[in-house]
Amino acid sequence: MTISAPVQQRGAPPAPGSPRAQLEVTAVDKIYQARRGEVHALSDVNLSIARGEFISLVGRSGCGKTTLLRILAGLLPPSSGTVTADGESIWRGGKRNDEAFQHFGLVFQDANLFPWYTVADNIALPLKLRGVGKRARRARAAELCELVGLPGFENAYPRELSGGMRQRAAIARALSYDPTILLMDEPFGALDALTRDKMNLELQSIHAQAGATVVFVTHSISEAVFLADRVVLLTPRPGRIRSVTPVPLARPRSLETETSPEFQTIVRELRHELDEE
Ligand SMILES: Nc1ncnc2c1ncn2[C@@H]1O[C@H](COP(=O)(O)OP(=O)(O)O)[C@@H](O)[C@H]1O
Ligand SMILES: [Mg+2]
């Protein structure tokens, strides 16, 4: 796998249109046509995300987090507005530009592993679909099991794994083809608090090693702050960006980071903003 150096420069966010911006969301609106009428899910969302940056997306349930992530992931067209990845428009007149998605990895709340495939086969499935040979797939799966903390589980079946382990396998699968952009929708939402803490630490180290740009949806403010370079807070109905909060805490962060006054101040201010909604 291509291991690029962790991004050290975590200063000001990229200006719109700047070459540092890898993912650009401009004036995105989403209106669902539901049976009971229209649902205005997102309104005028603008965001510029730098290469290697870790963005957490938070907000109340129903505020449009999943909608925005699905638009970024190419699973749902925006009603208006544009999204570009590396300068390429990912939606063209309601049609998805498949080329732009080759370097995207997706992880959802449910690991969605195939029960009849081993962990290694699940992880390497995207490679198989891309025509990579068996030997190379095995080697890559073993390497990824190591990276996500599942060494020796290559031949296990999903039913033999705990919830946390299944999410690790889902992350490994998303990383299998070296995505430059990793989109994650509440991937640890179903896990208990201790496992979640552990997964957050691992995700941090995976992000540092793999160097991918990450957009991470969560409804946990402390999880959002722990992981992010910037936390984006959405308001509900329609979802708009209420604030973008930089998290200037040193990396790597440890569980002690959460007891620091700086961490707690950022969390308190974000909770306060959320309560005002
Ligand atoms: N397919 C759909 N059709 C109609 N309304 C939808 C659909 N998907 C989501 N919505 C509505 O859009 C809003 C945003 O939903 P969602 O993006 O899932 O929010 P979140 O992930 O923040 O909980 C909600 O009001 C939800 O009910
Ligand atoms: Mg959601």
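**A tour from the whole chain to ligand 1**

Buried residues make up 40% of the 277 residues in the chain, and since this is a predicted model, everything described on the way is computed from predicted coordinates. Start with the whole chain in view: its C-alpha atoms fill a box of roughly 50 × 45 × 40 Å along the principal axes. The radius of gyration is 18 Å, which agrees with the value near 19 Å that a compact globule of 277 residues would have. Colour by secondary structure next, and seven helices and twelve strands appear. If you display contacts between residues at least 6 apart in sequence, 70% of them join residues at least 24 apart.

Now select strand S1 (21-34) and strand S2 (37-50), which form a hairpin with two residues between them. These strands run antiparallel and are joined by ten bridges; to see the pairing at one position, pick Lys30, which stands opposite Leu42 in S2. Keep S1 selected and add strand S4 (residues 80-85), which is joined to S1 by five bridges, again in an antiparallel arrangement. Here Val25 is the residue to pick, as Val25 stands opposite Val83 in S4.

Finally, centre on ligand 1 and show the residues around it, which are Tyr32, Ala34, Val39, Ala41, Gly59, Ser61, Gly62, Cys63, Gly64, Lys65, Thr66 and Thr67. S1, S2 and helix H1 (65-72) are the elements that give two or more residues to this shell, and H1 contributes the largest share, three residues. Coloured by class, the shell around ligand 1 shows five nonpolar, six polar and one charged residues.

Note on methods
Residues are numbered from 1 along each chain as its sequence is written. Chains are lettered from A and ligands numbered from 1 in the order in which they are written. This is a predicted model: local features need pLDDT of at least 70, side-chain atom pairs count only at pLDDT 80 or more; totals for chains, interfaces and linings use all residues. A residue is near a molecule or strand if its C-beta atom, placed from the backbone, lies within 6 Å of it. Helices (H or I, at least four residues) and strands (E, at least two) are DSSP runs, numbered from the N terminus. Ala, Val, Leu, Ile, Met, Phe, Trp, Tyr, Cys and Pro count as nonpolar, Asp, Glu, Lys and Arg as charged, and the others, Gly among them, as polar. Two strands pair if DSSP finds at least two bridges between them. The radius of gyration is taken over C-alpha atoms; the globule rule is 2.2 Å times the number of residues to the power 0.38. A residue is buried if 20 or more other C-beta atoms lie within 10 Å of its own, exposed if 12 or fewer, and partly exposed in between; C-beta atoms are placed from the backbone. Two residues are in contact if their C-beta atoms, placed from the backbone, lie within 7 Å.
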